[in-house]
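This report describes the fold, the burial of selected residues and the side-chain contacts of one protein chain. The sequence and the model are shown first.

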Amino acid sequence: MAALLAVAAVGAGLAWRPRIGAVAGGVLLAVVALVKISTLPVALAALVIIWAFDRRRAWVAGATALVAGLLAV
């Protein structure tokens with residue numbers, strides 16, 4: 001489940017316009033991390049993949065994942 005959501009986060013983070021895709025990817029990354037605490041490395045690996053392609057989108061996705069994760073807890 002977490003791997004599937006991580007792949008969806010990478011796809012969403014890179015597919016659409018930079019802001020919309022990065023925000024959608026960030027929310028999906030937060031969901032990956034919230035599935036179970038042991039899936040946090042999977043979410044971080046997906047964030048690194050987004051960062052390898054586009055650093056600006058990775059910053060937005062990471063910030064969105066942080067905010068979404070904090071709001072969910």
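Residues 24 or more positions apart account for 58% of the contacts in the chain with a separation of 6 or more, a contact being heavy atoms within 4.5 Å. The model is a predicted one, in which local features need pLDDT of at least 70, side-chain atom pairs count only at pLDDT 80 or more, and totals for chains, interfaces and linings use all residues. Residues are numbered from 1 along each chain as its sequence is written, and side-chain values use heavy atoms, with hydrogens and water left out.

**Overall architecture**

Four helices and zero strands make up the secondary structure of the chain, in the sequential pattern α-α-α-α. Helices (H or I, at least four residues) and strands (E, at least two) are DSSP runs, numbered from the N terminus. The radius of gyration is 10 Å, which agrees with the value near 11 Å for a compact globule of 73 residues; the radius is taken over C-alpha atoms, and the globule rule is 2.2 Å times the number of residues to the power 0.38. Along the principal axes, the C-alpha atoms fill a box of roughly 30 × 20 × 15 Å.

**Burial and surface**

Of the 73 residues, 33% count as buried. Buried means under 20% relative accessible area, exposed over 50%, and partly exposed in between (1.4 Å probe, protein chains only). The accessible surface of the chain comes to about 4,700 Å², with 75% belonging to carbon and sulfur atoms; such areas come from the Shrake-Rupley method with a 1.4 Å probe, and for residues only the protein chains shown count as cover.

The following residues illustrate the range of values.

| Residue | Relative accessible area | Class |
|---|---|---|
| Gly-21 | 0% | buried |
| Ala-30 | 5% | buried |
| Arg-57 | 12% | buried |
| Thr-64 | 17% | buried |
| Asp-54 | 26% | partly exposed |
| Val-35 | 42% | partly exposed |

Val-35, in helix 2 (residues 18–35), belongs to a nonpolar surface patch with Met-1, Val-23, Val-27 and Val-31, and together these residues have about 430 Å² of accessible area. Patches consist of residues with over 30% relative accessible area and no salt bridge, where nonpolar side chains (Val, Leu, Ile, Met, Phe, Trp, Tyr) are joined within 5 Å and like charges within 9 Å.

**Contacts of helix 2 and helix 4**

Gly-21 lies in helix 2. Beyond its neighbours within four places in sequence, Gly-21 is in contact with Ala-12, Gly-13 and Trp-16. The C-alpha atoms of Gly-21 and Ala-9, twelve residues apart in sequence, are 8.8 Å apart in space.

Ala-30 is also placed in helix 2. With neighbours up to four places away set aside, Ala-30 is in contact with Ala-65, Ala-68 and Gly-69. Its C-alpha atom is separated by 8.8 Å from that of Gly-62, 32 residues apart along the chain.

Thr-64 is found in helix 4 (residues 55–72). Residues up to four places away not being counted, Thr-64 touches Val-23, Gly-26 and Val-27. A polar atom of the Thr-64 side chain lies 2.8 Å from the backbone oxygen of Val-60.

**Salt bridge**

The structure holds one salt bridge, defined as a side-chain nitrogen of Lys or Arg within 4 Å of a carboxyl oxygen of Asp or Glu. The side chains of Arg-57 and Asp-54 form this pair, with an N to O distance of 3.2 Å.

Notes:
A polar contact is a pair of N or O atoms within 3.5 Å; within protein, one must be able to donate a hydrogen and the other to accept it, and residues adjacent in sequence count only if both atoms are side-chain atoms.
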